[in-house]
Amino acid sequence: MKKGQIVESIVEKVEFPNKGILHLQDGEKIIVKHCIPGQKIRLMAKKRRKGKWEGQLLEVIEPSSLELEKPVCIHAGSCGGCSYQTLGYEQQLIIKQNQVKELLCPIVNPTKNLPGQITPDTDLPWFFGIKPSPKQFGYRNKMEYSFGDEYLNGPLALGLHKRNSFYDLVTTDHCQIVHSDFNQILSAALLYFSNTNANYLKKNTHIGYLRHLLVRKAANTGEILIDLVTTTQSCSPIPEPILLNGFCKALLRIPLSGTIVGVLHTKNDNLADVIKDEGTQILFGQDYFYEKLLGLKFKITPFSFFQTNSLGAEILYDTVRDMLFRTKSESNQVIFDLYCGTGTIAQLVAPAAHQVIGVEIVEEAVTAARENAALNGLTNCKFIAADVLKALDEIPLKPDFLILDPPREGIHPKALKKIIDFGVERMIYISCKPTSLARDLGVLQESGYEVEECWCVDLFPGTIHVETVVLLTHEKPTSYIEVTMDYDTIVSEYKPKVKVTYKMIMDYIKENYNLNVHSTTIAEIKRSLGLNVGDYNKKEGTNYRKEKITPEKSKAVEETLRHFEIIQ
């Protein structure tokens, strides 16, 4: 095998997320994306790394026996969105749950010898299977379409990127994983801007106007929010106000099953090919819509996170609630929902807690979480806008139960250590990337946690993605050593060591000497006595309050330090 060589082989299996595994006649292992187990393919060797080759799929010579005669979606193969469109849904579920088993089993049961293809009835008492999405098609509630062309200098296109292409698009106006309302909106927008000759942003020159079309529709309320994302460059030949007004009118004329509640225009001049809000105006209606999940109502803004499969999310969150309610349902417990997003899970588990504290780094998501908690009449939910790593040091309460729903890359190692140090008996880990979950489970198990229950939940039919929910337990000791002590003697001789803060010193001086002493004065006096005060107010350029240190204040501070046994 050498770079650039073209060979043929049969796909043995597909590992998560989308790695087709093949072995050539000379025994070389090669990984190729976008394959189905059992396909005979033609591929080109690209590079060798860590003892195996990576290849590029050129052609499917023979389909797999697992595949359908004809995919449901006409865009299958060209669109980069779905990889499993040629498989029946039951087969998709088997592949996904087998992939998760193969990733987690070496961590949870390292002595278990699993074959390459795991059968659904493998004896893993902690693995409970996969829960299907209520809908295989038309399930997505959010799409981010891009403007561009299907080939170099071709006509305007609006849709998703072609597979393995950064520039070319597929106009996905017959996409099967969204409701037909999405396809109608896409077609109407493409027709309107094609007729007005509006230009699109070209990625190589960064010149142009049209960038993205964001469409969101609530599955349970039917409300639709549409956001046109453009640059601030000229949209010639039509003035922007006239162009946007006409666009809005064109959308409102579409006969949809849902209801458009808002049409927005967002400006974005960022060079990255992502939607970034650099200013949004309302063209029609409002800049939010409502969705309902499991009896609660949620206000969703254009860029706030919300599971893209509303009906599937109900299955996911119901699984979480069931784990929580079965394991520890005392109403006086404190629950931490870390990486909480818009606080959906926090609000759904609130009835089982005295207080739920959600932590999320995205401020917009936290604002939405607070609004939604008020909307649902929940008074025991508190949301903090901060990085989990830093927030865990600042929350005064300690959790009785943890819910972890980190981003795809998993939990930062330092944050994971702090989570372990809480020592909770139960926690739930929700993961959208099983490889990250497997890594973090290894650390958690080394610290004494065990996987008690694991479910897969398919929120993304037709695609390679799957959610995994794991219940972890940490049993407390069941045996103890009895020690007999003279209680009266211990009490009389024991004096607990208390960490003395500057506030304690200032309060003591105020109460006993009727003096107001600033913390910087205390620090200066401690330093003059040879005590370590670290780098307190010693950084270059730092401005802090200085006050005259009178003999009276100096004496009061020294006597207070002596009182707290800081000096003799």
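## Pockets, cavities and helix packing

The second largest pocket in this predicted model has a volume of about 590 Å³. Its lining counts 22 residues, and I31, V32, K33, E54 and G55 are the ones closest to the pocket's centre. Three elements each give two or more residues to that lining: β4 (29–33), β5 (40–49) and β6 (52–62). Strand β6 provides the largest share, with eight residues. If you sort the lining of the second largest pocket by class, you get ten charged residues, seven nonpolar ones and five polar ones.

Just past β4 there's a backbone detail to look at. H34 sits in the loop between β4 and β5, and this histidine has a positive phi of about 65° although it is not a glycine. H206 is another such case, with a positive phi of about 60°; you'll find H206 in the loop between α2 (180–196) and β11. There's also a cis peptide bond, which joins F16 and P17 with omega at about 5°. P17 belongs to the loop between β2 (13–15) and β3 (19–23). For some background, most residues other than glycine have a negative phi, and most peptide bonds are trans.

Now for the enclosed spaces. How many cavities of 30 Å³ or more are there? The count comes to two. Here they are side by side:

| Cavity | Volume | Nonpolar lining residues | Polar lining residues | Charged lining residues |
|---|---|---|---|---|
| Largest cavity | about 50 Å³ | three | two | three |
| Second largest cavity | about 40 Å³ | four | three | three |

The walls of the largest cavity are made by S146, F147, L201, K203, L210, R211, H212 and D273. Strands β8 (142–149) and β11 (210–217) are the elements that give two or more residues to this lining. The largest share, three residues, comes from β11.

The second largest cavity is lined by N141, R216, K217, A218, F289, E291, I300, F306, Q307 and S310. Here the elements that give two or more residues are β11 and β15 (289–293). So β11 turns up in the linings of both cavities, since it is listed for the largest cavity and again for the second largest cavity.

Strand β15 also holds Y290. Leaving aside neighbours within four places in sequence, Y290 is in contact with A218, T221, E223, K297, F298, K299 and L375. One of these partners, A218, is also on the list of residues lining the second largest cavity. Y290 and L225 are 65 residues apart in sequence, while their C-alpha atoms are 9.8 Å apart in space.

Over to the helices. Two packed helices are described by the angle between their axes and the distance between the axes. Helix α11 (residues 502–513) packs with helix α13 (residues 551–563) at an angle of about 115°, and their axes are 10 Å apart. That angle therefore makes α11 and α13 roughly perpendicular to each other. The crossing of α11 and α13 is right-handed.

Which residues of α11 and α13 meet? On the α11 side they are I505, Y508, I509 and Y513, and on the α13 side they are A556, V557, E559, T560, L561 and H563. By class, the contact of α11 with α13 has seven nonpolar, two polar and one charged residues.

Helix α13 has another partner. Helix α12 (residues 519–528) packs with α13 at an angle of about 70°, with the axes 10 Å apart. At that angle, α12 is therefore roughly perpendicular to α13. From α12, the contact uses I522, I525 and K526, while α13 brings K553, S554, V557, E558 and L561. These residues divide into four nonpolar, one polar and three charged.

Take a second look at V557 and L561 of α13. Both are listed in the contact with α11, and both are listed in the contact with α12.

Key:
Residues are numbered from 1 along each chain as its sequence is written. This is a predicted model: local features need pLDDT of at least 70, side-chain atom pairs count only at pLDDT 80 or more; totals for chains, interfaces and linings use all residues. Side-chain values use heavy atoms; hydrogens and water are left out. On a 1 Å grid over the protein atoms alone, a cavity is a set of points where a 1.4 Å probe fits but cannot get out, and a pocket is an open set with protein on both sides within 12 Å along at least five of seven lines; lining residues have an atom within 4 Å of a point. Grid points are joined across faces, edges and corners, and a volume is the space filled by probe spheres set on the points. Helices (H or I, at least four residues) and strands (E, at least two) are DSSP runs, numbered from the N terminus. Ala, Val, Leu, Ile, Met, Phe, Trp, Tyr, Cys and Pro count as nonpolar, Asp, Glu, Lys and Arg as charged, and the others, Gly among them, as polar. Axes are lines fitted to C-alpha atoms, for helices over the stretch in contact, and angles run from 0 to 180 degrees between N-to-C directions. Angles under 35 degrees count as roughly parallel, over 145 as roughly antiparallel, 65 to 115 as roughly perpendicular and the rest as oblique. A crossing is left-handed if the near helix is turned anticlockwise from the far one by less than a right angle, and right-handed if clockwise. Contact means heavy atoms within 4.5 Å.
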